[in-house]
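Me: Please take a close look at one part of this protein, the charged side chains and how they pair. I would like one connected account rather than a list.

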Amino acid sequence: MPKEIFEFKLIFGLKLKEIRNEKGISYQELREKTGLSLSYLSEIENGKKYPKGDKIMILAKALGVSYDELVSLKVPRKLEPIVNLIQSDFFKAFPLEQFGLNPQKLVEIISYDPEKINAFVNTVLQVSRNFELKQESFYYAALRSYQELHQNYFADLEEAVEELHLEFPELKDIPFNEKLLTGILLEIGVRTGMDELQKYPSLRNVRSLYDEKQRLLHINRGLNSGQMNFLLGREIAFQWTKVKNRPMSTPPYGDHTFEEILNNYRASYFSAALMMPQEEVVRDIRAVGDMKVWDPKVLLGFLDKYDVTPEMIMQRLTNILPAVFGYENLFFLRFVGKGPDYFTLTKELHLTRLHNPHGNELNEHYCRRWISLDVIRDLYKARESDPDIKYLAGIQRSFYHGTTNEYLCLSIAFPNVSNPEEAVSVTIGFLVDGALERRIKFLRDPNIVRREVNTTCERCPIMDCKERAVEPYVHAAKTEEHLIQEDISTLLGIEK
């Protein structure tokens, strides 16, 4: 439905309800005056129906107003905040339907106290402007919430992968090779090429580009086999599921709608599920859980078994573990190390609730005790003597200062393909509880290091920390504020 028609329906319904209430006319009385059914009147007021001209005339006469007044977009002052919200970029941009929200119902809720709700929304918009939150950032935040809402598991995509396996039985043999996947794409009607992107220096970091007119997928030659297969699998996903609204490049460049961002994620999910079939991953997880002593070679062995990247492995675990094994209390983190001392948290996903390690917009110094940062530093050091080292895995039991929460964290570090001077780590963390202790035998391995950690140095009260990068000025400011409040309470004789 066009946004303009949607707005007209909502605004007309709101006006009708406001005028009816102002004149003290009940639903029953309006039905008797107009001859229209109660259900039809309700649908009009809730923005689901827009009546034809003759019915608008009947409604206007019953309410004692003119036809023009009823259809005009000019609304009473009380309704102005709601109309401003309906017509705002916030309301148009937020993908309500993807979160199971009914726009009409939302407007109905807002109408109970429009001034306060509108003030809240304006505050959110003001904060986003102050922190330069772009629409793209908003969409990716919404996508992350969408993943968390669905426990990052999508049965329809798992089923679509199974259907593809039935159509192409040769997919049963893993890992895949490039020839197999390009052959499937060709059968679907898409050619691949690896020469054109290299001709444009500005496109050196573009991994793939789809030419819809020629049905040609351009792929960057500088990718490893796992990345190549992943991109081919994504294109198979777009074609197999017949998705039209999508980004044409990887990574996505330019402006995109939320639907395009969501479809891009779903295609990535499909590709990972194709390369790492659910049944096989479930067997591997059970085997790892039965290990009594942790061995990092087992985790790194999955990279060769499936010919995938570390991030694909970790992301696939976030799909399978909650859905099949019930491990819902987990998180995923991706750090980029720009040298051994500067780190940025570039991606995070929290299932069930917001776990302790979070905040990729803090722009602060993340705790140097995290295994996520340790493996990056260790990788830099190891590559000084052996530049051919590709991956480094680590494990840690991390308990968070000031909480009762402890997490088992598995992490893999590897050089950034787009920038060899950078290193990346991907981490999956599990809340340690009774269920985890029963199912993961190596959790009791005494060789697994247990460390107290925190979020960032700026917020950390652990004063004797040898790994501290900067002084805890945020914590100091909060402590000072707390002391001021205590002294004010003492001076005024306020009981605590």
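Reply: Glu467 is partly exposed, with a relative accessible area of 29%. In this predicted model, Glu467 makes a salt bridge to Arg451, with 2.7 Å between the closest N and O atoms. Arg451 belongs to strand S10, whereas Glu467 sits in the loop between S10 and helix H20 (473-492), so the bridge ties together parts that are 16 residues apart in sequence. The pair also belongs to a network: salt bridges with shared partners join Arg369, Asp374, Arg377, Arg451 and Glu467.

Strand S10 (residues 450-453) also holds Arg450, which pairs with Glu406 of strand S8, so this bridge links parts 44 residues apart in sequence. The closest N and O atoms of Glu406 and Arg450 are 2.9 Å apart. The two ends differ in burial: Glu406 is buried at 10% relative accessible area, while Arg450 is partly exposed at 49%.

A further salt bridge joins Arg246 and Glu235, at 2.8 Å between the closest N and O atoms. Glu235 is in helix H13 (225-240) and Arg246 in the loop between that helix and strand S4 (249-250), so the parts tied together are 11 residues apart in sequence. Here Arg246 is buried, at 7% relative accessibility, and Glu235 is buried too, at 2%. In the whole structure, the search finds 20 salt bridges.

Glu422 is a case without such a partner. It lies in the loop between strand S8 (406-415) and strand S9 (423-431). Glu422 is buried but has no salt bridge, and the nearest side chain of opposite charge, that of Lys338, is 4.5 Å away. A salt bridge requires the nitrogen and the carboxyl oxygen to be within 4 Å. What Glu422 does have is a polar contact of 2.8 Å between its side chain and that of Asn416. Leaving aside neighbours within four places in sequence, the residues in contact with Glu422 are Val336, Gly337, Lys338, Tyr380, Pro415 and Asn416.

Covalent cross-links do not add to these pairings, as the whole structure has zero disulfides. The sulfur of Cys367 is 6.1 Å from the closest cysteine sulfur, that of Cys465, which is too far for a bond. Cys460 is likewise in no disulfide, with the sulfur of Cys465 as its nearest cysteine sulfur at 6.1 Å. Cys367 is buried at 7% relative accessibility, and Cys460 is buried at 6%.

As background, the protein chain has 20 helices and 10 strands, and buried residues make up 48% of its 496 residues.

Definitions and conventions. Residues are numbered from 1 along each chain as its sequence is written. This is a predicted model: local features need pLDDT of at least 70, side-chain atom pairs count only at pLDDT 80 or more; totals for chains, interfaces and linings use all residues. Side-chain values use heavy atoms; hydrogens and water are left out. Helices (H or I, at least four residues) and strands (E, at least two) are DSSP runs, numbered from the N terminus. Buried means under 20% relative accessible area, exposed over 50%, partly exposed in between (1.4 Å probe, protein chains only). Lys and Arg count as positive and Asp and Glu as negative; His and the chain ends are not counted. A polar contact is a pair of N or O atoms within 3.5 Å; within protein, one must be able to donate a hydrogen and the other to accept it, and residues adjacent in sequence count only if both atoms are side-chain atoms. Contact means heavy atoms within 4.5 Å. A disulfide is a pair of cysteine sulfur atoms within 2.5 Å.
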